[in-house]
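Hi everyone, thanks for making time this morning. I'd like to walk you through one structure, so please have a look at it while I talk.

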Amino acid sequence: MAEEKQIIDVAIIGSGVGGMTAALYAARAGLNAVVFESMGAGGQLANIQTIDNYPGFPEGVGGFDLAWACKQQAERFGARTINERVVKADLAAQPKVLTTDTGEYEARTVIIATGARNRKMGLKGEDVLHGRGISYCATCDGGFFRGKDVVVYGGGNTAVEDALYLSRLCNRVTVVYRKPQLEATAVLVDSLKATENVDFKFRTRITELHEAEGKLGSITLKDLASGETQTMDAAAVFVAIGNIPNSDLFSGQIELEGEYIVAGEDCETNIPGVYAVGDVRTKKLRQVVTAAADGAIAAEAAAALIATK
């Protein structure tokens, strides 16, 4: 149930690294910081097996381990987590109003750290086969396909990292990408190209999914240059074609660019006292380290605003 009415200084929606860093900075500034999260700490980060490019971890760090450590650190300074899903937000109100599944909360400032979700292929049968050969998380589901032939659909950093991970588990990994070359960090691309059990199909798109005995059995591929199609056996397709920012809740009351929340270097949106951090906002680089930086900036901005009132 919702707690007794108390105006929250900084309400943070989402508990990824950006959200938890915001909670840490706000709590250390002596503010009442509350994180709203229905799924547990970390968001998509919790599904990443190893993060190699977060400073301070020479051997890398597990996504869930990093997320949990951020949560514990924020709570050490007094930040609280309320395990409720925010279903409505009135950001123009003074104070701002957040409605969850079970109650209503008021906040002086709001930091949106809702992250992003996996982009789907949009193919017939995709939802039915999700969990039965269609996956959006190689580190979550790769172990189910040991010794099998699988496909990675995409050509960015996530797709290449997924293919490298799966190459250690699966018999053969085929990377299917609609463009003529991979668009990932050079060191990752070089490593993948040197992996013997990885094949590539460029300028190619998956057009059909075929079920066999209640699970994925094969796929149809279309060569975008020639228009020719072929059917290929595949025990699984790991989809890595980008993300969709989780901004739906705020549509109609906050400025969006595409589906991303417009926020400048100070992370403030077009609504005073409302900030956006991490993958949900407009920015050039969406990484764990930039989400952490966003969280710190937004919390300091919120603290400065509160101090003037």
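Let me begin with a question: how many bridges join β12 to strand β13, and do the two run parallel or antiparallel? There are 8 bridges between β12 and β13, residues 215-223, and the two strands run antiparallel. Before I go on, please keep in mind that this is a predicted model.

If you want a pair to click on there, take Leu-209, which stands opposite Ile-219 in β13. On to the next partner: β13 also pairs with β14, again in the antiparallel sense, over 5 bridges. Here Ser-218 is the residue to find, and it stands opposite Asp-233 in β14. The link between β13 and β14 is a hairpin with 5 residues between the strands. In that turn, Gly-227 has a positive phi of about 85 degrees, for those of you who like to check backbone torsions.

Put together, that gives an open sheet of 3 strands, in the order β12-β13-β14, with antiparallel pairing. The edges are β12, 204-212, and β14, 229-233; each has a single partner strand, so one side of each is left without a neighbour in the sheet. Neighbouring strands of this sheet are turned by 25 degrees against each other on average, with direction ignored.

Now for another sheet. This one is open too, with 5 strands in the order β8-β15-β9-β10-β11, and its pairing is parallel. At its edges you find β8, 134-135, and β11, 198-201, each of which pairs on one side only. Inside that order, strand β9, residues 149-153, is joined to strand β15, residues 236-239, by 4 bridges. One register point to note is Val-152, whose bridge partner in β15 is Phe-238.

What lies across this sheet? Helix α5 lies across β9, β10, β11 and β15, and runs at about 165 degrees to β9. The same α5, residues 157-167, also meets helix α6, residues 186-193: their axes come within 10 Å and cross at roughly 35 degrees. The crossing of α5 and α6 is left-handed. On the α5 side, the contact is made by Asn-157, Val-160, Glu-161, Ala-163 and Leu-164, and on the α6 side by Leu-188, Val-189, Ser-191 and Leu-192. Sorted by character, the residues of this contact are 6 nonpolar, 2 polar and 1 charged.

Staying in this part of the chain, let's look at Ile-241, in the loop between β15 and β16. Is Ile-241 buried or partly exposed? Its relative accessibility is 32%, so Ile-241 counts as partly exposed. Beyond its neighbours within four places in sequence, Ile-241 is in contact with Arg-119, Lys-120, Met-121, Tyr-153 and Gly-154. The C-alpha atoms of Ile-241 and Thr-158 are separated by 8.4 Å, although these residues are 83 apart along the chain.

Next, some pairings around β6. Strand β6, residues 104-112, is joined to β1 by 5 bridges, and those two run parallel. Within that pairing, Ile-12 stands opposite Ile-111 in β6. With strand β5, residues 96-100, β6 runs antiparallel, over 4 bridges, and Lys-96 stands opposite Ala-107. A hairpin of 3 residues joins β5 to β6. Then there is β19, which runs parallel to β6 over 3 bridges; in β19, Ala-276 is the bridge partner of Ile-112.

To finish, two buried residues in loops. Ser-15 sits in the loop between β1, 8-13, and α1, 17-28. Its relative accessible area is 3%, and because buried means under 20%, Ser-15 is buried. The side chain of Ser-15 makes a polar contact of 3.1 Å with the side chain of Glu-37. The C-alpha atoms of Ser-15 and Ser-38 are separated by 9.1 Å, with their positions 23 residues apart along the chain.

The other one is Arg-281, in the loop between β19, 274-276, and α7, 288-307. Arg-281 counts as buried at 3% relative accessibility. Which side chain does the side chain of Arg-281 make a polar contact with? That would be Asp-294, at 3.1 Å. Leaving aside neighbours within four places in sequence, the residues in contact with Arg-281 include Tyr-260, Glu-265, Cys-267 and Arg-286.

That's my tour; thanks for listening!

How values were computed. Residues numbered from 1 in each chain as written. Predicted model: local features only at pLDDT ≥ 70, side-chain atom pairs only at ≥ 80, totals over all residues. Heavy atoms only, no water. Axes fitted to C-alpha atoms, helices over the stretch in contact; angles between N-to-C directions. Left-handed = near helix turned anticlockwise from the far one by under 90°. Contact = heavy atoms within 4.5 Å. Nonpolar A, V, L, I, M, F, W, Y, C, P; charged D, E, K, R; others polar. Pairing = 2+ DSSP bridges. Buried < 20%, exposed > 50% of the residue type's maximum accessible area, 1.4 Å probe, protein only. Polar contact = N/O pair within 3.5 Å; in protein donor to acceptor, adjacent residues only side chain to side chain.
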